[in-house]
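Open the model in your viewer and keep the selection box handy. We will move from stop to stop, and at each one you will hear what to select and what is there.

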Amino acid sequence: MENILDYDYTALKNKLEMEKLEPYRTTQVFDWIYKKHATSFAVMTNLSKQLRERISMKFIIGMPELVKKTKSSDGTVKFLWKYSDGNTVESVILRYPDRITGCISSQVGCPLNCAFCATGISGYVRNLTSGEILSQILGMEISENEKINNIVFMGMGEPMLNYDEVMKAIHVITDPKAFKISQRRVSISTAGIVDGILKLSEEPLDVILSISLHASTDDKRSMIMPVNKKYSLEDLMEAVKIYQKAKDRRVTFEYILFDKFNDSLDDAQKLMKILKDIKCNVNLIRYNDTGSTFKKTPMDRAEIFEKFLKDNGIESVIRAEKGEDISAACGQLRRQTL
Ligand code: SAH
């Protein structure tokens, strides 16, 4: 049996054609799954009974089991999903005045081992398929009876290390026949996989690229992000410039403020220097506790850091904290309920 969610529109049409399963019905099938949230073929009543039966002999609609759902007082909801092989991931819904964001995972665990992030602690297991990625969005929409209109690949895993499946998922997320979310409302966040950034710069896609920077020198960055030993800051910034040239769009930088590690004015100055030729937004995130030795930067110091960047012409904002009370904030997602 194959997971029908693993097929984007064109692939499904071709597959139905090959299987002699009325390929001109692809739009209806997509409509049932992505707009009407059908989780079985039996309910697709505008397809003949015979077709429904034949399709269900080839495909399943591969939804994960909802193991646990936790709600925060700020409206954030965290979901723990279990796939048929027993592996689990988390995803999160975040509510803002102007949008409902789904924060989704691209891998079971993560191989990058950033010192401050809870996802790496449980190790890396495998990539998710595009269908498994999409099923998190479907599952959240069904469970909350709500339409998600903004997607961030900021859950568990490094999306650029699962490039092809993430791209396939993005096709379906942005397809008017499926989730119909505009490309500018999809963000891919990367710890700095240079090859992936360069590849993305060649895609006919207009998504938001977000770089998890967190330090402005190689020494400091390599201390907290081992991936920096493979792709240096210089290489990373070079790739971002190539991306920017190709897309002519602002790039987002995420910068976690760690108390007395990277939050001084000297750090802000170094950051400003490496960002000065790049059109960007900087999101300052005060470290969320994950049991590491780091501490949260106090708000007043975060504001001084933010002001320095702004005074030097770099758009920056201290990101509102969401979901920390239910361990759903950036960096707090893990593989298991502990
Ligand atoms: N691997 C990708 C996608 C994960 S996104 C990436 O690194 O970008 C998750 C975001 O949360 C990243 O910006 C990550 O650096 C950040 N993050 C991780 N741990 C955190 C923590 N403890 N506090 C605040 N942000 C954290």
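Before the first selection, one cut-off is useful: a residue is called buried under 20% relative accessible area, exposed over 50%, and partly exposed in between. Bear in mind, too, that this is a predicted model.

**Stop 1: a lysine to try the cut-off on**

Select Lys147. Is Lys147 buried, partly exposed or exposed? Its relative accessible area is 42%, so Lys147 is partly exposed. Now add Glu141 to the selection. The two side chains form a salt bridge, with N and O 3.9 Å apart. The partner falls in another class, because Glu141 has a relative accessibility of 1% and therefore counts as buried.

**Stop 2: Arg95 and its partners**

Next, select Arg95 and Glu146. Their side chains meet in a salt bridge with an N to O distance of 2.6 Å. Turn on the cartoon to see that the pair joins distant parts of the chain: Arg95 belongs to strand β5 (residues 88-96), while Glu146 sits in the loop between α5 (130-144) and β9 (150-153), 51 residues apart. Arg95 is partly exposed, because its relative accessibility is 24%. Glu146 is also given 24%, so this residue counts as partly exposed.

Keep those two shown and extend the selection to Lys69, Lys71 and Glu144. Together with Arg95 and Glu146, these residues are linked in a network of salt bridges. As background for this stop, side chains of opposite charge can pair when their charged atoms come close.

**Stop 3: Lys296 and Glu324**

Move on to Lys296 and show Glu324 with it. What do you find between Lys296 and Glu324? The pair forms a salt bridge whose closest N and O atoms are 3.3 Å apart. Lys296 is in the loop between β13 (280-286) and α12 (299-311), and Glu324 is in the segment after β14 (315-318), so the contact ties together parts that are 28 residues apart in sequence. Lys296 has 27% relative accessibility and therefore counts as partly exposed. Glu324, at 26%, counts as partly exposed as well. If you would like to go on hunting for such pairs, the count comes to 32 salt bridges.

**Stop 4: strand β12 and its neighbours**

Hide the side chains and select β12. How many of the residues of β12 are buried? The count is 7 of 7, so the strand is largely enclosed by the rest of the structure. Show its side chains again and look at each face in turn. On one side are Val251, Phe253, Tyr255 and Leu257, and on the other are Thr252, Glu254 and Ile256; both faces are covered, and all of these residues are buried.

Now add the strands that pair with β12. Strand β11 (residues 208-212) runs parallel to β12, with 3 bridges between them. To find your place in this pairing, look for Ile211, which stands opposite Phe253. Strand β13 also pairs with β12 in the parallel sense, here over 7 bridges. Two landmarks help along this pairing: Glu254 stands opposite Asn283, and Leu257 stands opposite Arg286.

Zoom in on Asn283, a residue of strand β13. Its side chain makes a polar contact with that of Glu254, at 3.4 Å. Asn283 counts as buried because its relative accessibility is 14%. The rest of the strand gives a similar picture to look through: β13 is mostly covered, with 6 of its 7 residues buried.

**Stop 5: the ligand**

Finally, select the ligand and show the residues around it. Which residues are closest to the ligand? They are Ser189, Ser212, His214, Asn288 and Gly331, from a shell of 21 residues. By class, the shell has 10 nonpolar, 9 polar and 2 charged residues.

Next, pick out the ligand's nitrogen atoms and look for backbone contacts. A backbone N or O atom of Asn288 is 2.9 Å from a ligand nitrogen. For Gly157, the distance from a polar backbone atom to a ligand nitrogen is 3.0 Å. A backbone N or O atom of Cys330 lies 3.4 Å from a nitrogen of the ligand. On its own the ligand has 530 Å² of accessible area, and the protein covers 95% of that. To close the tour, colour β10 (186-190) and β12 (251-257), the elements that give two or more residues to the shell.

Methods:
Residues are numbered from 1 along each chain as its sequence is written. This is a predicted model: local features need pLDDT of at least 70, side-chain atom pairs count only at pLDDT 80 or more; totals for chains, interfaces and linings use all residues. Side-chain values use heavy atoms; hydrogens and water are left out. A residue is near a molecule or strand if one of its heavy atoms lies within 4 Å of it. A polar contact is a pair of N or O atoms within 3.5 Å; within protein, one must be able to donate a hydrogen and the other to accept it, and residues adjacent in sequence count only if both atoms are side-chain atoms. Accessible areas come from the Shrake-Rupley method with a 1.4 Å probe; for residues, only the protein chains shown count as cover. Helices (H or I, at least four residues) and strands (E, at least two) are DSSP runs, numbered from the N terminus. Ala, Val, Leu, Ile, Met, Phe, Trp, Tyr, Cys and Pro count as nonpolar, Asp, Glu, Lys and Arg as charged, and the others, Gly among them, as polar. A salt bridge is a side-chain nitrogen of Lys or Arg within 4 Å of a carboxyl oxygen of Asp or Glu. Buried means under 20% relative accessible area, exposed over 50%, partly exposed in between (1.4 Å probe, protein chains only). Two strands pair if DSSP finds at least two bridges between them.
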